[in-house]
Amino acid sequence: MAVLRPDGNDISAAAAHFGLTLTRADCDEFAALVDGALGSYDVVDDLYEASAAPVAPARTYDVVPPGESNPLGAWYVRTALTEDAPGDTRLAGRRVAIKDNVAVAGVPMMNGSRSLEGFVPARDATVVTKLLDAGAEIAGKAVCEDLCFSGSSFTPASGPVRNPWDRDREAGGSSGGSAALVANGDVDLAIGGDQGGSIRIPASFCGIVGHKPTFGLVPYTGAFPIERTIDHVGPITRTVADAALVLSVIAGRDGLDPRQPDAITPADYLSGIADGVRGLRIGVVAEGFGHDASQLEVDATVQDAALRFADAGAVVEQISIPWHRDAFHVWNVIATDGGAYQMLDGNGYGLNAGGLYDPEQMAYFAGGRVEFADELSETVKLVALCGHHGVSALGGASYGKARNLVPLVRAAYDNALHDYDVLVMPTVPYVATELPSAGIDRATYLTKALGMIVNAAPLDVTGHPALSVPAGLVDGLPVGMMIIGKHFDDATVLRVGHAFEELSGGFATPQRDSVSAR
């Protein structure tokens with residue numbers, strides 16, 4: 001099978017991109033030469049089709065538009081997938097929603113965007129395979145933000161995801177569908193993704209548990225990337241014990257993800273989860289409070305929650321990490337330039353890295369992101385335009401500077417974690433706000449979509465494990481407390497979160513929607 005060939009006009013456009021001065025005759029000559037060079041591309045296409053191309057399994061599903069049977073707008077697709085002979089039964093009988101940036105083979109994947117609508121992956125993501133092997137039922141795909149670039153829940157092409165505590169309010173994002181379904185009791189567990197807080201933010205707004213694992217602990221293989229140095233997947237659950245259980249299932253190397261270290265020691269994250277916090281040292285990070293957007297009541301709720309650890313025998317002290325305020329800006333440059341370069345120009349996967357690619361998805365998205373460019377969310381457009389400027393006009397130098405600052409940012413948290421077992425701050429500076437009306441101005445749109453990520457995003461660039469647990473209610477709406485730990489010490493983070501759940505007597509739940517999950 002022959003790949004597409006360029007003509008003289010295509011060569012002329014490529015020459016202009018690289019600043020080359022070619023005559024028309026030069027372009028025609030190079031077109032013929034490139035035609036010959038593309039012979040290797042033809043061979044690779046044939047080899048791939050014969051030896052490596054996957055075939056999607058036949059699986060039953062229903063696409064569910066918002067409406068009476070989907071009142072929160074949280075489902076994209078419903079399924080009921082199980083493994084005939086699971087390898088173990090740790091998740092037997094548990095229904096799981098998969099964020100719709102994570103591939104479930106034979107089931108449509110939209111990633112919240114018209115640009116990918118209609119794509120059907122042929123491979124299960126590694127986390128999906130692990131869940132099925134542990135006896136879980138994949139109950140469906142949960143709606144996410146347009147290409148996952150929003151911390152609210154109003155940018156999905158399918159419509160907004162509504163918070164089960166108040167349907168007029170945001171569920172948070174970008175894993176809003178996953179969080180809403182768990183909070184509403186429609187599923188037992190969910191998988192979310194996190195590049196700027198997208199597991200923890202909706203967990204906070206919806207009053208549930210969301211854990212961003214240590215970077216590289218859980219394989220990202222088969223999830224739609226944004227920027228490979230900040231990509232994470234992890235569990236969204238109603239209890240910390242369930243988060244620990246799911247993490248025990250999905251953690252570990254798969255040999256296919258370049259984000260992962262060469263060795264990861266398997267762990268049972270439930271073991272020791274009930275050991276309590278007596279003797280642990282907990283640092284309350286001053287820079288996580290008092291943002292311009294912070295609600296005083298949210299700050300007070302988290303401060304009060306942190307002090308409760310002292311009643312259980314922990315040492316709780318106020319500390320300062322000045323880099324925390326600057327870390328957001330480091331993340332912002334990496335996510336913007338890196339997202340434009342890899343997610344958009346690189347059609348999700350980019351180049352120059354090992355691991356398993358999804359070339360079918362890359363080709364589909366390459367066409368869709370141009371065909372439906374005007375329908376992309378304003379957040380994605382901002383990333384595209386700002387990131388293109390950063391990479392092209394600024395030569396990618398700002399990205400390079402930000403990457404060179406990451407060790408300093410990481411060390412600031414590591415230094416604090418040398419003296420303390422975990423760090424604590426609000427997950428989000430405020431409670432869920434009302435979903436915006438249609439036609440809001442662009443500046444307000446962007447603030448609504450991105451204004452809540454200041455505490456969560458830095459931990460994506462440093463890679464530390466971070467857990468959001470409900471700390472209480474403000475005006476009847478959930479407040480999240482974020483617990484941060486040492487790299488690959490997710491067990492202590494979960495242990496502290498579980499201790500707070502025990503101190504709280506369990507976490508409050510919203511009134512369950514009357515519509516059946518099935």
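## H464 and its surroundings

H464 lies in the loop that runs between α14 (458-462) and β13 (466-474), and the model in which it is described here is a predicted one. Because its relative accessibility is 0%, and buried means under 20%, H464 counts as buried.

Two polar contacts involve the side chain of this residue. In one of them, the side chain of H464 meets the side chain of D414 at 2.7 Å, and in the other the partner is the side chain of T462, also at 2.7 Å. When residues up to four places away in sequence are not counted, H464 touches K212, P213 and T214, then R410, Y413, D414 and L417, and further along the chain L459, I484, G485, K486 and H487. D414 therefore appears both among these touching residues and as a polar partner of the H464 side chain, because its side chain is 2.7 Å away and a polar contact is a pair of N or O atoms within 3.5 Å.

## A432, in another loop

A432 is placed in the loop between β12 (422-426) and α13. With a relative accessible area of 2%, A432 is buried.

Leaving aside neighbours within four places in sequence, the residues in contact with A432 are N163, R169, E170, F205 and L477. A432 and P219 are separated by 213 residues in sequence, and their C-alpha atoms are 30 Å apart in space.

## Helix α11

Helix α11 covers residues 378-392, and because a helix is expected to extend 1.5 Å a residue, its 15 residues should span 21 Å; the C-alpha atoms at its ends are 21 Å apart, which agrees with that expectation.

Within α11, the buried residues include E378, T379 and V380, together with V383, G387 and G390. Among the elements that cover the buried residues of α11 are the helices α9 (323-344) and α13 (442-450).

## How α1 and α2 pack

Two packed helices are described by the angle between their axes and by the distance between those axes. For helix α1 (residues 8-17) and helix α2 (residues 24-37), the angle is about 105° and the axes are 8 Å apart. Angles of 65 to 115 degrees count as roughly perpendicular, and α1 and α2 are therefore roughly perpendicular to each other.

On the side of α1, the contact is made by G8, N9, I11 and S12, while α2 contributes R24, C27, D28, F30, A31 and V34. By character, the residues of this contact between α1 and α2 divide into five nonpolar, three polar and two charged.

How values were computed
Residues are numbered from 1 along each chain as its sequence is written. This is a predicted model: local features need pLDDT of at least 70, side-chain atom pairs count only at pLDDT 80 or more; totals for chains, interfaces and linings use all residues. Side-chain values use heavy atoms; hydrogens and water are left out. Helices (H or I, at least four residues) and strands (E, at least two) are DSSP runs, numbered from the N terminus. The expected span of a helix is 1.5 Å times one less than its number of residues. Buried means under 20% relative accessible area, exposed over 50%, partly exposed in between (1.4 Å probe, protein chains only). Contact means heavy atoms within 4.5 Å. A polar contact is a pair of N or O atoms within 3.5 Å; within protein, one must be able to donate a hydrogen and the other to accept it, and residues adjacent in sequence count only if both atoms are side-chain atoms. Axes are lines fitted to C-alpha atoms, for helices over the stretch in contact, and angles run from 0 to 180 degrees between N-to-C directions. Angles under 35 degrees count as roughly parallel, over 145 as roughly antiparallel, 65 to 115 as roughly perpendicular and the rest as oblique. Ala, Val, Leu, Ile, Met, Phe, Trp, Tyr, Cys and Pro count as nonpolar, Asp, Glu, Lys and Arg as charged, and the others, Gly among them, as polar.
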